[in-house]
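Hi everyone, thanks for making time this morning. I'd like to walk you through one model, so please have a look at the screen.

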Amino acid sequence: MFASALALALPAIVSMLLANISFGVMNRAAPSLNVYALGFPMTMLLGLFSILITVSGIPSRYTALVHETLSYLNLFMVGGA
């Protein structure tokens, strides 16, 4: 369960880490600009968007798993192998 949760959260973590690093580099390059005022909402939106993309594939996999489980249950109830 921990590995599955990590696999779901890892794309969001990596994308937010890259965004924070890029905002840090921009802040270091141009300290007169207030990058943190823009960086926080952009990082939040990027994290939510990456989680949305990651979670969008779950229903099809869940449906396939339910169909496979039901076919095994049907095979079990009929008395097959």
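In which helix is the place of F40? F40 sits in helix 2, residues 35–55, where helices are DSSP runs of H or I with at least four residues, numbered from the N terminus.

Before going further, a word on ground rules. This is a predicted model, in which local features need pLDDT of at least 70 and side-chain atom pairs count only at pLDDT 80 or more, while totals for chains, interfaces and linings use all residues. Residues are numbered from 1 along each chain as its sequence is written, and side-chain values use heavy atoms, leaving out hydrogens and water.

Back to helix 2, then. The UniProt record, an unreviewed entry, annotates residues 35–55 as a "transmembrane region"; its positions are given in the numbering used here, feature names are shortened, and such annotations may be inferred rather than shown by experiment. Over residues 35–55 the model is 100% helix and 0% strand, with 30 Å between the end C-alpha atoms.

Is F40 buried or exposed? F40 counts as exposed because its relative accessibility is 61%. For the cut-offs: buried is under 20% relative accessible area, exposed is over 50%, and partly exposed is in between, with a 1.4 Å probe and protein chains only. F40 and G79 are 39 residues apart along the chain, and their C-alpha atoms are separated by 59 Å.

Now to helix 1, which spans residues 2–29, and to how residues there meet residues of helix 2. S15 is in helix 1, and it is buried because its relative accessible area is 17%. What does the side chain of S15 make a polar contact with? The partner is the side chain of S50, at 3.4 Å. A polar contact here is a pair of N or O atoms within 3.5 Å; within protein, one must be able to donate a hydrogen and the other to accept it, and residues adjacent in sequence count only if both atoms are side-chain atoms. Not counting residues up to four places away in sequence, S15 touches L46 and S50, where contact means heavy atoms within 4.5 Å.

S50 comes up again with P11, a residue of helix 1. Leaving aside neighbours within four places in sequence, P11 is in contact with S50 and T54. P11 counts as partly exposed because its relative accessibility is 36%. Its C-alpha is 9.3 Å from that of I53, 42 residues apart in sequence.

T54, in helix 2, is buried, with a relative accessible area of 18%. With the neighbours within four places in sequence left aside, T54 is in contact with L8 and P11.

Two more C-alpha distances for you. S22, in helix 1, is 9.4 Å from G39, with their positions 17 residues apart in sequence. I51, in helix 2, is 15 Å from A19, at 32 residues apart in sequence.

Last, the surface. A nonpolar patch of about 880 Å² is made by F2, L6, L10, I13, V14, L17, L18, I21 and V25. Patches are made of residues with over 30% relative accessible area and no salt bridge, joining like charges within 9 Å and nonpolar side chains (Val, Leu, Ile, Met, Phe, Trp, Tyr) within 5 Å. A salt bridge is a side-chain nitrogen of Lys or Arg within 4 Å of a carboxyl oxygen of Asp or Glu, and accessible areas come from the Shrake-Rupley method with a 1.4 Å probe, where for residues only the protein chains shown count as cover. V25 lies in helix 1 and is exposed, with a relative accessible area of 54%.

Key
Helices (H or I, at least four residues) and strands (E, at least two) are DSSP runs, numbered from the N terminus.
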